[in-house]
Every structure is written in structure tokens, then in C-alpha cells.
Amino acid sequence: MAASEKKTRILCIEDDAQMRTFLTAQLKARGFQTQAVRDGAQAIDVAAIFQPQLVLLDLSLPSLDGLTFLRRLREWSKAPVIVLSAHDEEPIKIKALDMGADDYLTKPFSLNELLARIRVALRRSEETDRLRNNAVAEQQRPGYSYGGQNGLQVNFARRQVIANGQEVHLTPTEYDLLCELTRHPGKVLTHRELLQRVWGPDYSGENTYLRTFIRHLRRKLEPDPANPRFLHNELGVGYYVPAPDAESNLEAEAQGTPSQP
């Protein structure tokens with residue numbers, strides 16, 4: 001394991017004492033800095049102090065359930081969250097993903113699969129942080145703009161998204177998915193391509209993840225999610241965004257040209 005991973009802070013929220021002890025021991029044995037709690041109310045306080053870089057979250061918790069914890073965590077933290085739950089029903093999975101979870105693993109699960117999913121989540125989070133902190137000047141267009149002032153604008157350097165004239169706050173996974181689409185405007189990206197690029201090679205068949213996050217993006221970005229302007233579906237193939245405006249405000253700013261009012 002890389003040295004950077006050994007310093008990673010993981011918060012484990014699990015009400016089953018045996019499972020909590022097992023997870024804590026296995027994570028510490030692999031060099032992670034770990035805190036473990038049994039209920040959601042305590043987890044809120046510990047998270048604020050511990051500042052985890054990844055959270056393992058059980059949904060069935062005393063005093064404050066896992067979904068409520070997740071909603072409150074997302075008010076201030078973008079740390080990836082992997083749900084570990086005995087609930088295998090698709091509506092519960094979708095609700096957890098809609099509320100900001102990055103992954104969902106059904107109990108019982110193998111330790112190797114959990115560790116693999118942790119690695120995927122951390123890689124994606126580290127890449128997101130690198131892009132945010134370094135703000136590296138990209139050789140590609142500085143962003144994506146479609147539909148004028150009441151359309152969709154994505155500024156890659158600033159990691160800023162504006163839809164219908166209003167800034168929109170996205171989770172890291174939502175932003176990664178939107179970036180994949182807007183970096184390839186006018187091109188249909190297949191379900192498999194999007195899943196592999198955003199979630200990793202182990203997720204190429206998880207179409208439920210993709211549908212859930214597309215639906216969530218449409219709710220946040222589209223004036224009418226049932227009749228999308230920005231996020232289009234090629235039935236049975238994949239998704240795409242329209243070709244950008246001929247000269248976007250983002251490109252004008254980059255070239256030093258005043259944008260039109």
C-alpha cells in the first residue's frame with residue numbers, strides 16, 4: 001500500500017460490535033487511521049473532529065439513522081461514503097446514492113471487495129482534490145457552455161457549475177460524471193465508458209449507479225427533468241450533452257475578450 005494511503009483517515013459507523021471490531025482491526029492492519037462509532041448521533045460529533053477522508057456507513061443505527069447522518073454530513077463534507085448494509089432492496093440503494101453516498105455494498109461482503117472499493121473511492125477523491133487544489137491549466141477548452149446565460153456552464157479550472165443562471169453545488173461523483181460528458185460534447189458516451197471512467201473498471205456493469213446519478217444531475221440542472229435540455233439519453237447506448245455554443249463566455253474570458261452581456 002502506498003505511503004499516502006497509510007495516512008488516510010477512515011470513519012467506520014457500525015452498530016454491530018463484532019463487525020465494528022473486525023473492520024477496525026483490518027483497516028488498522030493495513031495502515032489506515034481509523035475511528036469507529038456505533039450510532040449516528042455520536043458519528044456527527046466524531047466526524048467534525050476526526051475529519052475523515054472516507055466513511056463506511058451502516059444504515060441501521062441507533063439514535064440517528066444512517067441516511068439522516070449522510071444528509072447532515074453532506075452539508076459540510078465531500079468525503080466519499082461507502083454504505084455497508086444488509087438492505088438489498090433497489091429503492092434503498094437508490095435513496096442512499098441520491099442522498100450523496102458514493103458506493104453501496106450489501107452485507108455479507110468479502111473483505112477483499114470492500115478494500116477494492118475503498119481504493120477506488122480514494123483514488124477518485126484524490127484526483128478530485130488534485131484538480132481542485134492545483135487548478136492546472138488544461139490544454140483543452142477552459143469549460144463547457146451551452147444555451148447562453150440560462151443554459152449550462154461548467155468551468156473546469158474553478159470546478160464551478162452554473163445552470164439556468166444559478167450556481168449549482170454537486171457531490172464529487174456528480175461533478176466527475178458531468179465533467180466526463182461535458183469534456184466530450186456532442187459524443188455519446190456508452191454506459192460502460194461512463195461507469196469505468198467515473199467509478200472504475202470494477203463497475204462496468206452497475207447501470208443502476210449510472211441511472212441514479214443521471215437522474216440526480218437532471219434534478220439539479222434541468223428546468224424540466226422530464227424533458228432534459230442538457231443531459232440526453234441515447235436509448236440503450238449511453239448519454240451525451242449537446243455541442244457547446246460557438247464561442248462560450250468561458251473561452252472569451254480565457255482569451256481576454258469581454259463576454260457579451
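In the predicted model, the contact between helices H7 and H9 is formed by Thr-173, Glu-174, Leu-177, Leu-178 and Leu-181 on the H7 side, which meet Leu-210, Phe-213, Ile-214, His-216, Leu-217, Lys-220 and Leu-221 on the H9 side. By residue class, this contact divides into eight nonpolar, two polar and two charged residues. The two helices, H7 spanning residues 172-182 and H9 spanning residues 207-221, pack with their axes 10 Å apart and at an angle of about 90°. Because angles of 65 to 115 degrees count as roughly perpendicular, H7 is described as roughly perpendicular to H9. Residues three or four places apart in an α-helix point the same way, because such a helix has 3.6 residues a turn.

Thr-182 also belongs to helix H7. The relative accessible area of Thr-182 is 0%, and this residue is therefore classed as buried, the cut-off being under 20%. Although Thr-182 and Phe-230 are separated by 48 residues in sequence, their C-alpha atoms lie 9.7 Å apart in space.

Helix H9 takes part in a further piece of packing, since it is included in what covers the buried residues of H5, together with helix H4 (66-73), strand E4 (81-85) and strand E5 (103-106). Within H5, which comprises residues 90-98, the buried positions are Ile-94, Ala-96, Leu-97 and Asp-98. Gly-100 follows H5 and has a positive phi, near 120°.

Strands E4 and E5 are members of an open sheet of five strands, in which the order is E2-E1-E3-E4-E5 and the pairing is parallel. The edges of this sheet are occupied by strand E2 (33-37) and by E5, each of which pairs on one side only. When direction is ignored, neighbouring strands of the sheet are turned against each other by 15° on average. Inside this arrangement, strand E1 (residues 9-13) and strand E3 (residues 54-57) run parallel and are joined by four bridges, with Cys-12 having Leu-56 in E3 as its bridge partner. Helix H4 packs on the sheet, where it touches E1, E3 and E4, and the direction of H4 makes about 160° with that of E3. As angles over 145 degrees count as roughly antiparallel, the orientation of about 160° between H4 and E3 falls in that class. Helix H4 thus has two roles in the packing described here, being in contact with strands of the sheet and being included in the cover over the buried residues of H5.

Methods:
Residues are numbered from 1 along each chain as its sequence is written. This is a predicted model: local features need pLDDT of at least 70, side-chain atom pairs count only at pLDDT 80 or more; totals for chains, interfaces and linings use all residues. Side-chain values use heavy atoms; hydrogens and water are left out. Axes are lines fitted to C-alpha atoms, for helices over the stretch in contact, and angles run from 0 to 180 degrees between N-to-C directions. Angles under 35 degrees count as roughly parallel, over 145 as roughly antiparallel, 65 to 115 as roughly perpendicular and the rest as oblique. Contact means heavy atoms within 4.5 Å. Ala, Val, Leu, Ile, Met, Phe, Trp, Tyr, Cys and Pro count as nonpolar, Asp, Glu, Lys and Arg as charged, and the others, Gly among them, as polar. Buried means under 20% relative accessible area, exposed over 50%, partly exposed in between (1.4 Å probe, protein chains only). Two strands pair if DSSP finds at least two bridges between them.
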